[in-house]
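User: I have a few "how do you know that" questions about this one. Can we go through them together?
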There are 2 protein chains.
Amino acid sequence: MSSVNKTAHPFDKARLEALLNRRFFYAKAFEIYGGISGLYDYGPPGSSLQANIIAEWRKHFIVEEGMLELDTTILTPAPVFETSGHVARFADWMVKDTVTGDVLRADHLVGGVLEARLAGHKEAKGLAANPPAQDDKDKKKRKKQAKAAPVLLSDEIVAEYESTLAQLDNYSGPELGELCRKYDIRNPDTSNVVSEPVQFNLMFASSIGPTGQHPGYLRPETAQGHFLNFARLLDFNNGRVPFASAQVGRSFRNEISPRAGLLRVREFTMAEIEHFVDPEDKSHVRFGEIKDVKLRLLDRHVQVSGRTDLTEISAGEAVARGIVANETLAYFLVRIYTFLLKIGIDPARLRFRQHMANEMAHYAADCWDAEIQGSNGWTECVGCADRAAYDLTVHSEKTGTPLVVRTALKDPIVTEKETAEFDKKSLGKTFGKDTALVQEIVNALDEAGLLKLKGELAQGSATVERDGKSFTLTPALLTIERKTFKQSIREFTPNVIEPSFGLGRILYLLLEHTFWSREQDVERGVLSLPPLVAPTKVLIVPLSAREEFDPLVLEVSAKLRKAGVFSRVDDSNTSIGKRYARNDELGTPFGITLDFASVQNRTMTLRERDTTDQLIGPIDEVIATVTELVQGSIDWPEAARRLPRYDGVQAVAE
Amino acid sequence: MSSVNKTAHPFDKARLEALLNRRFFYAKAFEIYGGISGLYDYGPPGSSLQANIIAEWRKHFIVEEGMLELDTTILTPAPVFETSGHVARFADWMVKDTVTGDVLRADHLVGGVLEARLAGHKEAKGLAANPPAQDDKDKKKRKKQAKAAPVLLSDEIVAEYESTLAQLDNYSGPELGELCRKYDIRNPDTSNVVSEPVQFNLMFASSIGPTGQHPGYLRPETAQGHFLNFARLLDFNNGRVPFASAQVGRSFRNEISPRAGLLRVREFTMAEIEHFVDPEDKSHVRFGEIKDVKLRLLDRHVQVSGRTDLTEISAGEAVARGIVANETLAYFLVRIYTFLLKIGIDPARLRFRQHMANEMAHYAADCWDAEIQGSNGWTECVGCADRAAYDLTVHSEKTGTPLVVRTALKDPIVTEKETAEFDKKSLGKTFGKDTALVQEIVNALDEAGLLKLKGELAQGSATVERDGKSFTLTPALLTIERKTFKQSIREFTPNVIEPSFGLGRILYLLLEHTFWSREQDVERGVLSLPPLVAPTKVLIVPLSAREEFDPLVLEVSAKLRKAGVFSRVDDSNTSIGKRYARNDELGTPFGITLDFASVQNRTMTLRERDTTDQLIGPIDEVIATVTELVQGSIDWPEAARRLPRYDGVQAVAE
């Protein structure tokens, strides 16, 4: 897709959004009821685009990696999220405007107001405010919220503000409240004082069953469904790790104030993989296949030093140099990278950023985000976290269910220790109902205790006591010997590497990356979606809706369907040029025109969306060519070598 | 799949359920937390089976019928369901055990207890209780709940009970409460008195946004998302009907006491189509293609007469005879039928039953259910309802948004009527600020009033009055003439035909229809899933996990993947026979064995699941054959003509 964004016109977000709305890629849900922030419906092209992305995701990950697919419930009883930590920690602090009742996220409010004041100070000093750092999403958000008058601040206050901003992610709710009072931070929209911050859990609550006996939540991620089924998955995989489970499904987060279209929504489709791996061996069997693929990384150390420059480095070298912790993590970064490129993301606007220690989710040991650059800056689209053994451990402890792998040790571990063996018959005769107690006393002894007892027995007898009772032991009742033990089974809780895809974000940024306008006419938007994910692959355009074209339209549709190529017919009562323009906006890569020549000579023309070049040929040859184009086995220049160029009589005027 | 259920063993539900649990087709969700009734997780084979059914559904309906796909939100603000009627009417009546607090559905309780008493009466009279009618699901449910002692009843009471049971669906909550008191109906599990019935809405409630400002529900069907987007969909379809939207997604119903495994659950995946059609023309353009397909129908009239015998009749005749109301409804019944057969449902256990007037949903004008017979009797799996204009009308009225189609009339409707035309200048001069009032008075006149005024004006002048004011009109101020009006646009609210698929029910009954056991060994379960939907198409079985087989395993896997055939390798440390048996339980239709002969001669064997017959051939020939088998372009007998039978040295002992 070399032509993508090769437009002379600068990217215009308003134009793209108008196109997406006009062509019903997506729209605010419940629009005729006034809409609800953060809820969007996908229309026909958006749904098909999403379905095609998911189909490719399934192929790229589930099929090619032999993953185990899951489909678990959205409704989740509260105890699961109490154990996972989400009830306590999956929350943001919010404040209310004390007059209007408007709700604001406390950290965004403090950050936004302080940044605005610093900007005002710089303006007052006659300095242009620095443009916001490209990589700091939170700063961008805050910037939108507040704008302060140009007022000079003391050096001391500037230093305080800057230090506060640098630590913003670390403040507790009460501390954020304290900052609001100390710096008189108010709702910038109304200048009203705000309330004390209260914690707001981002999970939607509901109640399962008719009597409210099961409080529950809508899941904020699909991951817990994988962990709870771990024992079954392991069994399905014949007891062996590594293996991965995968799931595509809806999740829900009750965002305090969702903005930014599809980038921050309350209901979204995720695709999540949980790769279970031996914590002592995070190598990957297919690492060799991908080790030379280069990635653009922004690691933690570079960020700590305040820089955002990327390191372009092969996966193999990144692991060798310790930038990426292990092969499995690096393997998934590459697989994520190749997936995103396949569906049409611009590699120049894709990077992998390592989380800073203070921004990781409570369960994560390490995390790299695939970030895609769009008009809103860099957005996290795929998280690739090492959740270590956190989840399996907490669920296992809570429920008493072992969530472990047992493997045969190649080299059994041999240990020696003193061991008591009882002559049970004599023991029973001697101690009667106290027999079990005596055994218990002896078995409770540690190595030193057993050695002491062994020495005493060697002298003839020994006495043990408990609860005021004392028992005399002799070598006839028990012997203590040094024995060799061989441990041939190793039991461990696997670690989890979790690539987690936000499909709505990827879909929206793909639309940004593929949108451009014809050089001669800025109004004529084009979405250069790759055929792999384009909602419709081929548009069939009869010259008019007249009946004489019907048999050909049916024939071509049927033949394309048989070839597995999804086509649509546009026989609406408008010019061929307008129909093509509409389908350029829908991202349809190829067009077929049926005109009087088709009826007479059984030829038809084939148009390519990005170049608008046309070829001509016999119906069956054109179908064979476009099928290969859609499958990706040939490109347009190759098609142009097979079929003659069409620039004769302009039956197709544009 | 002629071999399906050709087993000598009777169907054994317990064995099937054990298999489904063992192989993790599905399991109770949150099992390690004790589980929650009505919530299930699908494991790898269940998820793949479901994904394959959905993929075929998309192809069969969305692609082949050119439907418009949608993906709308699950979270829905309350006003939508207030308008649709779900808040008021999507509810069941429940009672509580006054001692234990156990909750029961009131109609199930009353029905169950009265039926049990009638059964007890018959038993006491020495008659065997009639076996429950095969087609009455509710009776089955009730039967499970209650069992009464054999007690004789008076003839009068028997008649009362029978009459009550016949009307059970018509009672209100208070009437059900009255019945409990009158007949002393108690919780059969505890013999405790039950509370007055209270209405329990089956929608899960939640709250959207941080301040609870938007009460909402989880949708109980995906349909409302289609209706709310109607205007956008119509625009997308160039303003024309008929067209259909389609959506696959989760819905939720907070069942009072879910039982029966996947057949009655609280969270489920639906596939819904809303076909928007001109109420005056419900013909279907492709009806001719399917009119000769025969369906097995159980219509309303047959049911009213207490019978359950099926009418086997072609779609064309069913419409001609008025059994099915129109072509579009009949077209969808046939398309539903062919879809269900394609995925493997037994046609002998499939029927279409028309809803009785008293069982239809509040929005339905007519409804036919595709019912599938299983061990629980007949279960509704696809509803095909004519929702008429109900939904679009109520949403349009509530929101003031026109949800209508405007079409050009071929023959404009011409009407004539008397029409007043004012000389606005003179009128203004004469009446000043009363001008508008005078015009309003005249315009409010009906045809007769205008004719009277016209006559008076012909006489020279006329007087009109309002609010004590009177105005004298003359021909200089207005003229009244008979004019011709041509209406060339027709505006109407389309009707909706809604095929709605419960995918979990279909999936479960498909498993029942394809499950059987090997004649020689009842323990060896087989799922004869068609290749189209089978979770894995081909199992690759190397003789052992020894390294010498690795290159061949990789080669065969890669070649199958390239051919689009989903395979899995089973190199676990167990006999080939055991590995095949495990995959018979997973419904894997074909198996490939790689042994020493494969390494030496590059041949491999191909095994068919249902017959266990094996063929042998060169690697590439076997791959080509199995690819065609999976695609359905050849069958096993044809494969056996291409490749020699393998029954030589039994490297593959079973």
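User: Which residue of chain A comes closest to the rotation axis?

Analyst: That's Ser206(A), with its C-alpha at 2.7 Å from the axis. Before we go on: this is a predicted model, where local features need pLDDT of at least 70 and side-chain atom pairs count only at pLDDT 80 or more, while totals for chains, interfaces and linings use all residues. Residues are numbered from 1 along each chain as its sequence is written, chains are lettered from A and ligands numbered from 1 in the order in which they are written, and side-chain values use heavy atoms, with hydrogens and water left out.

User: What makes the axis relating chain A and chain B a two-fold one?

Analyst: Copies are superposed by least squares on the C-alpha atoms of residues with pLDDT of at least 70 in both. Laying chain A on chain B takes a turn of 179° and a shift of 0.1 Å along the axis, and the RMSD is 0.5 Å. The two copies are therefore related as by a two-fold rotation axis.

User: How do you know that the copies meet through the same surface?

Analyst: Contact means heavy atoms within 4.5 Å. By that rule, 83 residues of chain A touch 83 residues of chain B. Of the interface residues of chain A, 100% are also interface residues in chain B, so the surface is the same on both copies.

User: How much area is buried between chain A and chain B?

Analyst: About 6800 Å², with carbon and sulfur atoms giving 61% of that. Buried area here is the accessible area (1.4 Å probe) that two parts lose on being put together, summed over both. In chain A, Ile32(A), Tyr33(A) and Arg232(A) lose the most area to chain B, together 12% of what that side buries.

User: Why is the pair Arg240(B) and Asp571(A) called a salt bridge?

Analyst: The term needs a side-chain nitrogen of Lys or Arg within 4 Å of a carboxyl oxygen of Asp or Glu. Arg240(B) and Asp571(A) have N to O at 3.0 Å, so the pair qualifies. Six salt bridges are found across the interface of chain A and chain B.

User: And within chain A, what joins domain 1 and domain 4?

Analyst: Two salt bridges, for a start. One of the salt bridges in chain A is Glu585(A) with Arg23(A), whose closest N and O atoms are 2.8 Å apart. The domain bounds come from an automatic or database domain assignment, which puts domain 1 at 13–83 + 204–392 + 496–503 and domain 4 at 536–642. Their C-alpha centres lie 37 Å apart, and the contact takes six residues from domain 1 and four residues from domain 4. The area buried between these two domains is about 500 Å², 50% of it from carbon and sulfur atoms.

User: How do you know that Cys381(A) is in no disulfide?

Analyst: A disulfide is a pair of cysteine sulfur atoms within 2.5 Å. The closest cysteine sulfur to that of Cys381(A) is in Cys367(A), 13 Å away, so it's too far for a bond. Cys384(A) is in no disulfide either, its nearest cysteine sulfur, in Cys367(A), being 7.3 Å away. Over all chains, the count is zero disulfides.

User: Why is Cys384(A) called buried?

Analyst: Buried means under 20% relative accessible area, exposed over 50%, partly exposed in between (1.4 Å probe, protein chains only). Cys384(A) has 1%, so it counts as buried. Cys381(A), at 3%, is buried too.
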